[in-house]
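Hi,

Here's the structure I promised to pass along. Have a look, and my notes are underneath.

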Amino acid sequence: MSVSNSVSNRQAQAPNDFYRAVWRWHFYAGVVVAPLLLVLASSGLVMLLRAPLEAAPYGHLLTVTPLTTMRTPAAQAAAVDAALPQMQSILFVPPSAPDRASEFSVVPRHSAGAGHGHNEAALSVFVDPYTARVLGTLDRARTPYGWANAIHGTLLLGDIGDAIVEIAAGLAVLLIVGGLYLARARQHSLRAALLPPATPVGRVRTRDLHGAVGYWIALPLLFFLFSGLTWTGTWGGRVVQAWSTLSLERKPSTMSATQVHRDLGRAPLEEVPWALEQTPLPVSGTSAGETGVGAEPDLDRVAAFAQSVGFEPFRIALPRDDAGVWTISASTLAGDVDAPSAERFLHLDRHTGRVLADVGYAHYSLVGRFMASGVPFHQGELGVWNISFNAVLCLAVMTLVILATALWWQRKPNGLLPVAPPRPDHRTGRRVLAGAVFFPLSAAAIALVLLLDRLFVALRAVRSRA
């Protein structure tokens with residue numbers, strides 16, 4: 001055989017080798033990602049249905065009969081203090097409509113000013129704003145939404161679960177890219193990939209349907225993966241969020257050394273904009289700030305001030321200790337406003353009533369603005385159309401996983417896993433690893449798979465020679 005013919009044969013064979021290598025890594029990633037995607041999609045669907053799921057069991061807490069006049073916020077807070085003397089109010093949420101109850105979040109008094117952290121467990125207390133009657137309490141962590149949110153974020157495994165979700169999300173990005181290549185390589189046109197021709201029922205039909213569903217949802221799923229990844233501990237909290245966090249540009253003496261905006265959150269809710277989460281909170285007791293509400297403000301005066309400076313609607317976080325601040329806020333994550341551009345956080349000194357900081361969407365970084373728009377969409381906060389779109393996507397992801405499982409079952413020979421193409425392509429594996437380096441935990445998982453893969457091939461070679 002001539003040298004030219006040998007080169008030509010190798011070139012003809014190369015695409016097939018590359019296709020098999022991509023298929024190999026698509027399978028490896030799918031083994032890890034598929035079950036987790038099923039969990040994330042099903043828990044996400046429950047979270048989207050929060051309103052109807054809460055309407056029946058908690059309707060008596062959430063709704064009231066409108067009357068002519070409302071009691072003041074301070075009078076409502078006094079009713080909460082009288083009903084729960086061992087608890088301290090940390091948040092006041094005015095009624096969102098004439099027939100809705102006011103909401104207070106409370107924590108035990110001994111923990112209100114000591115070491116509270118992100119998503120501190122808080123009890124919700126609902127009050128009739130017209131009569132100041134306490135309607136009852138609710139532990140949001142024990143609602144269907146609370147359980148689904150915990151599963152969606154950490155698989156109920158804390159930091160370990162957060163890391164597993166992060167690994168799966170990073171691998172899912174590679175899974176989608178590889179899947180798009182595989183689907184396109186099998187079809188002669190994009191139209192055929194999106195709408196595969198009818199074939200007899202069987203493995204080919206399952207494969208084409210799996211590829212078509214993947215093609216249709218690839219872009220929105222990538223968006224959801226990236227917006228979800230920004231909430232994770234390593235890629236989101238340390239790689240991306242660390243350099244995208246807003247700075248209030250205050251003197252160190254006016255900023256808390258231990259408390260950040262993230263600490264304003266309540267378990268299991270995410271109510272603080274991503275761009276502000278790691279930003280330190282201002283502290284009271286300095287001469288800093290601009291004219292605000294006046295010395296020694298109370299809840300009534302702070303609520304009136306919020307309306308006078310353009311907040312509608314809003315919520316108020318109460319100071320928890322001498323250095324704490326009054327925080328008036330409105331955000332899409334909390335459901336206060338629909339437009340990210342309307343997000344705003346204003347902090348008041350609890351002693352002087354001076355404005356220590358007033359920040360909003362205009363102050364966010366570029367990534368922060370993307371998150372301010374992306375996360376509410378991710379969570380279905382932008383209206384019925386948003387909930388409908390997300391629900392369809394969740395169902396499509398579940399269908400994709402079911403089709404993938406069926407495809408594996410249909411091609412599984414005699415109980416063996418169809419994982420190894422005729423010859424390994426470690427160069428492609430290294431390329432996959434290089435592409436995943438942007439996701440540190442996923443890259444570590446791929447490196448481990450590479451080592452195990454090489455070990456598997458070496459053992460198979462030894463057995464074949466024996």
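Below is what turned up, starting with the ground rules.

This is a predicted model, so local features need pLDDT of at least 70 and side-chain atom pairs count only at pLDDT 80 or more, while totals for chains, interfaces and linings use all residues. Residues are numbered from 1 along each chain as its sequence is written, and side-chain values use heavy atoms, with hydrogens and water left out.

First, the packing. The largest nonpolar core (buried Ala, Val, Leu, Ile, Met, Phe, Trp, Tyr and Cys joined through side-chain atoms within 4.5 Å) has 42 residues. Buried here means under 20% relative accessible area with a 1.4 Å probe, protein chains only. Val 33, Ile 176 and Ile 217 are among the residues with the most contacts inside this core. Ile 217 touches Leu 393, Ala 396, Val 397 and Leu 400, leaving aside residues up to four places away in sequence (contact: heavy atoms within 4.5 Å). There's also a second, separate core of 26 residues, including Phe 92 and Val 106.

Then there's His 347, which counts as buried because its relative accessibility is 0%. Its side chain makes a polar contact with the side chain of His 261 at 2.8 Å (N or O atoms within 3.5 Å, one able to donate a hydrogen and the other to accept it; residues adjacent in sequence count only if both atoms are side-chain atoms). Leu 281, Trp 326 and Arg 354 are also among the residues that His 347 touches, again not counting residues up to four places away in sequence.

Cheers

Methods. Buried < 20%, exposed > 50% of the residue type's maximum accessible area, 1.4 Å probe, protein only.
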